[in-house]
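Work through the following exercises with the sequence and the three-dimensional view side by side. Try each task before reading the solution beneath it.

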Amino acid sequence: MPRTLVLLALGLGAACAGANSPSEPGDRASLIIENGIEYKATTRVMESFPVQIATTVTIRNTTGSATTLVFPNGCVVLLRAFRDNQQVWNQADVVGCTQALVEVELPAGASRSFDTRTDAREILGANLPNGRYRLEAVLQPSGGTVRLDAGMVDLAVNR
């Protein structure tokens with residue numbers, strides 16, 4: 001392959017890798033594998049005022065046998081917001097979750113997705129300043145805790 005094409009391909013690859021980085025605004029994804037279960041978080045930021053946020057976590061069984069995960073309540077995925085590495089908001093404090101256990105049976109190779117939504121007004125409330133925040137998706141499968149980077153978002157509300 002001519003040198004120019006190789007350099008172009010490398011440059012495009014680097015640009016694409018940066019586009020999906022959790023530190024960039026817009027669509028982004030984070031992935032963790034624990035005990036053979038893959039957890040992938042994707043956050044979509046809708047361009048409206050106030051900003052609407054939709055985070056989806058997909059759970060996939062990467063093992064060769066079926067498994068069952070048990071979540072402590074109906075809120076399988078909850079968001080947290082951080083500013084300057086300090087947690088400033090927790091969706092668990094403002095949303096009502098059913099207190100029934102949620103059992104998720106995953107055959108080998110199967111996946112299941114769970115969503116949560118919020119907006120800038122709910123996160124910032126009356127006290128937090130407009131600005132850039134890091135989001136984290138939190139799940140509590142079978143007595144453990146999984147934290148996924150859900151990206152950076154610019155949040156603002158009229159005051």
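The exercises below concern a predicted model, and they turn from aromatic rings to charges over rings and then to a sheet.

**Exercise 1.** Find which residues form the aromatic pair, and decide whether the pair is stacked, tilted or edge-to-face.

*Solution.* A search of the whole structure finds 1 aromatic pair. Its members are Phe 71 and Phe 114, whose rings lie 6.2 Å apart from centre to centre, with 55° between the planes. Planes under 30 degrees apart would count as stacked and those over 60 as edge-to-face, so the pair is tilted. Along the chain the two residues are 43 residues apart, with Phe 71 in strand 4 (residues 67–71) and Phe 114 in strand 8 (residues 111–119), so that the pair links distant parts of the chain.

**Exercise 2.** Decide whether Phe 71 is buried or exposed, and do likewise for Phe 114.

*Solution.* Buried means under 20% relative accessible area. Phe 71 has 1% and is therefore buried, and Phe 114, with 12%, is buried as well.

**Exercise 3.** Identify the ring over which the charged end of Arg 134 sits, and place that ring's residue in the sheet.

*Solution.* The charged end of Arg 134 sits over the ring of Phe 82, 4.2 Å from its centre. Phe 82 stands opposite Gln 87 in strand 6, and strand 5 (residues 78–83) pairs with strand 6 in the antiparallel sense over 4 bridges.

**Exercise 4.** State which strands stand at the edges of the open sheet.

*Solution.* The sheet has 4 strands in the order 6-5-9-10, with antiparallel pairing. Strand 6 (86–90) and strand 10 (146–155) each have a single partner strand, so one side of each is left without a neighbour in the sheet.

Note on methods: Residues numbered from 1 in each chain as written. Predicted model: local features only at pLDDT ≥ 70, side-chain atom pairs only at ≥ 80, totals over all residues. Heavy atoms only, no water. Phe/Tyr/Trp six-rings, centres within 6.5 Å; stacked < 30°, edge-to-face > 60°. Buried < 20%, exposed > 50% of the residue type's maximum accessible area, 1.4 Å probe, protein only. Lys NZ or Arg CZ within 6 Å of the ring centre and 35° of its normal. Pairing = 2+ DSSP bridges.
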